[in-house]
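Here's a quick look at a couple of backbone oddities and at how the nonpolar side chains group together. Have the viewer open as you read.

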Amino acid sequence: MIKNICAGIVLFNPNIERLNENINAIKGQVSKIFLYDNNSDNISQIENLVKKNNNLILIKGKRNNGIAYALNKIIEISYNNKFSWCLTLDQDSICSPNLISSFLKYIKKDRVAIICPFILNNDKYTVESMKKLNLPKCQIIVDPMKCITSASLTNINIIRSLGGFNEKLFIDCVDTDINCRIMGHDYKILQDNEAYLLQTMGKAKKIGILNALYSLTNLDFFRKVMNVPVYGDLRLYYMSRNSRYIRKTYHNPSKKVSFTYMLTQFLYFTVFFPINRSRVKMWRAVIKGFNDYKNIK
């Protein structure tokens with residue numbers, strides 16, 4: 001446990017069992033965990049969980065102001081409590097037991113703003129398959145889409161100097177936006193491939209035929225697409241709006257926010273979302289988001 005490192009978890013109607021797993025995975029690695037709640041319906045359950053843990057502090061928001069607002073509040077309270085680094089976490093992500101001890105090898109390197117782990121999301125990778133990739137122990141991130149907020153050990157002073165997270169984005173591309181600013185100011189984002197995060201993106205749906213094709217061919221392409229995250233229409237609105245904002249604000253930030261990539265992703269969702277989802281409502285949200293990007297100022 002390191003005295004100058006804390007963790008912060010943003011909450012909104014969390015699954016309490018999963019949140020408890022999240023807390024148990026990290027509480028022995030940091031000296032304090034700040035929970036910022038975005039006005040959850042199950043706040044009483046969250047409060048009961050907090051009572052069972054000595055090093056948890058709960059901050060209750062009066063309404064849901066979005067993930068960027070919550071992250072800024074976590075950074076602010078971390079700074080006020082004299083912490084130098086804050087591990088930001090989603091409510092449903094589980095850290096590897098060696099996460100912080102592995103990150104410690106890199107926190108004193110020059111101009112490091114963030115250290116992030118390898119992401120195991122929606123069963124697209126396992127720990128075993130990750131190890132078979134023979135990745136370098138550490139690498140510099142050059143694509144701002146390849147470092148997410150969850151399990152990112154964040155240099156508090158650097159993030160504050162850059163103005164914090166963009167609250168007008170609300171959710172989605174919040175991490176991409178701060179990463180673009182980090183890189184634009186010649187700070188570094190490192191990925192530690194000896195640490196990992198188990199992450200769930202949306203409510204993952206396994207596509208039977210793609211899973212079968214992966215079993216038959218063992219092709220990496222089928223492994224990557226066989227689990228589709230199922231997002232609500234509001235989330236798709238923000239994905240469409242904020243990705244266009246990133247494209248318009250930063251020069252060639254990442255192919256994963258390009259018009260072609262995003263269109264392909266939305267077409268993929270159109271095909272593989274649950275049959276009872278309205279594709280018309282989905283595309284109305286996507287198109288509205290595409291047009292509304294200009295309202296972000």
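## Two positive phi values

Asn 13 sits in the loop between β1 (5-11) and α1 (16-26); helices here are DSSP runs of H or I with at least four residues, strands are E runs of at least two, and both are numbered from the N terminus. Its phi is near 50 degrees, a positive value in a residue other than glycine. With 31% relative accessibility, Asn 13 counts as partly exposed (buried is under 20% relative accessible area, exposed over 50%, partly exposed in between, using a 1.4 Å probe and protein chains only).

Asp 172 also has a positive phi without being glycine, near 80 degrees. You'll find Asp 172 in the loop between α6 (156-161) and α7 (174-184), and it is buried, at 15% relative accessible area.

## The nonpolar cores

The largest nonpolar core (buried Ala, Val, Leu, Ile, Met, Phe, Trp, Tyr and Cys joined through side-chain atoms within 4.5 Å) has 34 residues, and Phe 165, Val 174, Ile 182 and Ile 189 have the most contacts inside it. Among the elements giving two or more residues are β2 (33-37), β6 (112-121) and α10 (233-249). α3 gives the most, with six residues.

Take Val 174: beyond its neighbours within four places in sequence, it is in contact (heavy atoms within 4.5 Å) with Ile 67, Ala 68, Leu 71, Phe 165 and Leu 169. Apart from this core lies another, of 32 residues, including Trp 85 and Leu 197.

## Small print

This is a predicted model: local features need pLDDT of at least 70 and side-chain atom pairs count only at pLDDT 80 or more, while totals for chains, interfaces and linings use all residues. Residues are numbered from 1 along each chain as its sequence is written, and side-chain values use heavy atoms, leaving out hydrogens and water.
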